[in-house]
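Let's take a walk through this structure, one neighbourhood at a time. Keep the viewer open and follow along.

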Amino acid sequence: MQSSLPMVPQQHSPDAGQAGSYAASTVELGDLKRILVRRRFWIFGTVALLTLATLLYGLFTPALYSSSAEILIDPQDLQVVTNDVNPSRISPDGGITQVESQVSVVQSTGVLMRAIAATNLTQDPEFNGQGLLSRLLGSGSAEGDRSAQTLDALRRRLAVKRADKVLVLDVIVTAKSADKAALLANAIAQAYLVDQASARAKMAKDASESITARLDEQRKRVQQAENAVEAYKSANNMVMAAGNLVSDQELTEINTQLSAAQSRTAALKAQVDQMRRQSGTADATSEAMRSAVISSLRAQEATLVDQVSQLGTEMGPRHPSMIAAQQQLRDTRQLIARELGRIATATETDYERALANQQALEAKVAGMKSKSLDTDQASVRLRELQRDLEAVRSVYANYLQRAQETREQINVDSTNARIISNAMPALKKSWPPLSLLLVGAIFGGLGLGTGLALIAEYASPTVLSSAQMQSAIEAPVLGVVPAKSGTGRRWWPFGGSAAAASSRKTDAVVGLALRRMFSSGQRPPDWPLVPSILVTSSPGEGAQRSRVARLLANTAASRGSRVLFIDANGGGSQKEAQPGILDVLRGEYAFEAVSHYAAGSNVALLGRGRSKAVFQEAHGIYFAQHMLAQASRSFELVVIDGGALADNLNASPLVAMVDEIVLVATLNATPMRDVTATSQAVSVMGRLPTGALLVDEAA
């Protein structure tokens, strides 16, 4: 049977190679809320399990107590002597490295074994591994094994820490008893101090013994060096005084005398030369100026000159007093002349004597120099022997002093550490911290549950957003419909006003979706078939698909359109035994004969009908064309609930003829594989989805 009606242009089917695949899930930040809300039971269940496990652990785990002793370590050692065996040098980092190394010393076997011996810890079942279970099993151990087990257990309960930028070590011990924890912490701190003192004493003792063993050898070397010096001096007739040769000392003294004589001779020669330049008079020489006799005569001369001048003015030149005064003046000047002559003669005599003394000393120095040259070669070797002697003596003296110092350091405690705070029994248990563990369990459970929820979403991705749905079906998303209608309103049956069918928001979204579907202008104005919409979904979305299909019909009817609603899925109020769309597609009934209007509504209903007989697809397409052409006379829109096309092959004639094929999916609930399977089922029927409507359960 051939149809005279025009056929709906068929869309290109995708390649068969794409079957079985579905679009990758692209999760955006805004989709995380939907994922976490949908999979909240993963999160809450994980939190509950971790919290319960934490409570059980806290209730059944024995309580532990921690006590701490503080040790201050000074990088500068106690310096008992100048050259201490333990030098007090501070490293460039302020001693931090030295203190850090002491953390390992506190945890060393030697220190811990001292503490174990001091507290008799090998007899404590908590640490020696001889608990009740071991005694019941009879697994006793030897004394050596018990010590090793005690040491290992104590190490597990011990923590040595250093706070940042301080030189204090915290020795923390954890035990089942607060008193025991404090006792062990103090014992370890004290054992550390004893170990340090013992180590320093041993170092001093070893150093002292090593130095003492070298003293005899150094003493013999000093004696050998002294004998070599004395033998050499005796062989070369070299007499020493105060560490120097006697001839050298004499030569030095005569050289000093010669220098003084030369200076005196030069000074006297200068005076003689000055007097000779003054024609033999010594009136202006420095000796005349310094002479007390000359000074006195000069003063007396000045007095007589004044007296003669005064008498000459008062009495005249012939007066006896004037004559007597003039005679005294002449006598005084003669005395001055004789005194100056005497000074000149004395200066000449002193110069001659100084010159003779200088010449005698020069002759003596020349003789001693010739003698000293003979001993110079021998002095070179002597000085070398003396240097060797001094070096050996210095080493011997240092050895002797260090031996005494190190011997004394053995009995002196120069430890640079001290306990600044003894451990006290703890008032509260340190483990298990139940409140902290509960908080950690809650937040850890939230984090782990969130991770599991995201992993579950990744393993089975769902529709999360319009963009993701649009990418999956390569068609636009026409709108997002709230999952629930307004409070107190019924959206089905069709009877009643459209305002009672849905809330205002739902009605607006569905109306906008209808406008978008038929506002593209792709339908020719003279197209003979009535505008039609087929609504489909995955098998698990039947309720939402049916609701969306009815919303489309009701919304169109509320705007004055006459709507034919076809329930091809059989989920309506029509009974299976009554004729319906399947009967129409087989050509057994006209759709006017099997459809009926809902009371008080612009919507006509057409049920599924009887599926007892099958029909050829070509015949079904013909009758579907004929039905849509006939429906254009009485209706402005046909809405078809096509069911899950993957399971409803009887709807393929309708798929081939409708204008719009709309997929329905629920946000954060419909798996992406179901969306892809539905889209592939549509493509197998020769079409592609033209749009999608999403249902938001959170709206």
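**A guided tour**

One thing before we set off: this is a predicted model.

Start with helix α21, which covers residues 672–684 and lies across strands β8 and β13. Compare directions and you'll find α21 running at about 165 degrees to β13. The strands under that helix belong to an open sheet of 8 strands with mixed pairing, in the order β7-β14-β13-β8-β12-β9-β11-β10. At the edges sit β7 (477–482) and β10 (596–597), each of which pairs on one side only.

Now zoom in on one pairing in that sheet. Strands β13 (residues 660–666) and β14 (residues 691–696) are joined in the parallel sense, over 5 bridges. If you want a spot to click on, try T666, whose bridge partner in β14 is V695. What else lies across this sheet? Helix α15 (residues 504–518) does: it lies across β7, β8 (532–537), β12 (637–643), β13 and β14. Its direction is about 165 degrees to that of β7.

Back to α21, as there's a helix neighbour to look at. Two packed helices are described by the angle between their axes and the distance between the axes. For helix α14 (residues 466–473) and α21, the axes come within 10 Å and cross at roughly 40 degrees. The crossing of α14 and α21 is right-handed. On the α14 side, the contact is made by Q468, M469, A472 and I473, while α21 brings M672, V675 and S679. Sort these residues by class and you get 5 nonpolar, 2 polar and no charged ones.

Next, over to another set of strands. Strand β1 (residues 65–73) runs antiparallel to strand β3 (residues 168–175), and 8 bridges join them. Within this pairing, I71 stands opposite L169 of β3. β1 also pairs with strand β6 (residues 417–421), again in the antiparallel sense, over 4 bridges. There, L72 has R418 of β6 as its bridge partner.

While you're in the earlier part of the chain, have a look at helix α8 (residues 178–235), which holds S208. Is this serine, S208, buried or exposed? S208 has a relative accessible area of 6%, and since anything under 20% counts as buried, S208 is buried. Leaving out residues up to four places away in sequence, S208 touches A403, T406 and R407.

Last stop: the rings. The structure holds 4 aromatic pairs. One of them is Y57 with W431, an edge-to-face pair at 6.4 Å centre to centre with 75 degrees between the planes. Y57 lies in helix α2 (residues 40–60) and W431 in the loop between β6 and α13 (434–459), so this pair ties together parts that are 374 residues apart in sequence. Y57 is partly exposed at 37% relative accessibility, and W431 is partly exposed too, at 34%.

Now the F591 and F635 pair: the ring centres are 6.4 Å apart and the planes sit at 55 degrees, so this pair is tilted. F591 is in helix α18 (residues 591–594) and F635 in the loop between α19 (617–631) and β12, so the pair links distant parts of the chain, 44 residues apart. F591 is buried at 3% relative accessibility, and F635 is buried as well, at 6%. Add Y597 and you have a cluster, with ring pairs linking F591, Y597 and F635.

Conventions. Residues numbered from 1 in each chain as written. Predicted model: local features only at pLDDT ≥ 70, side-chain atom pairs only at ≥ 80, totals over all residues. Heavy atoms only, no water. Pairing = 2+ DSSP bridges. Helix = DSSP H or I, 4+ residues; strand = E, 2+ residues; numbered from the N terminus. Contact = heavy atoms within 4.5 Å. Axes fitted to C-alpha atoms, helices over the stretch in contact; angles between N-to-C directions. Buried < 20%, exposed > 50% of the residue type's maximum accessible area, 1.4 Å probe, protein only. Left-handed = near helix turned anticlockwise from the far one by under 90°. Nonpolar A, V, L, I, M, F, W, Y, C, P; charged D, E, K, R; others polar. Phe/Tyr/Trp six-rings, centres within 6.5 Å; stacked < 30°, edge-to-face > 60°.
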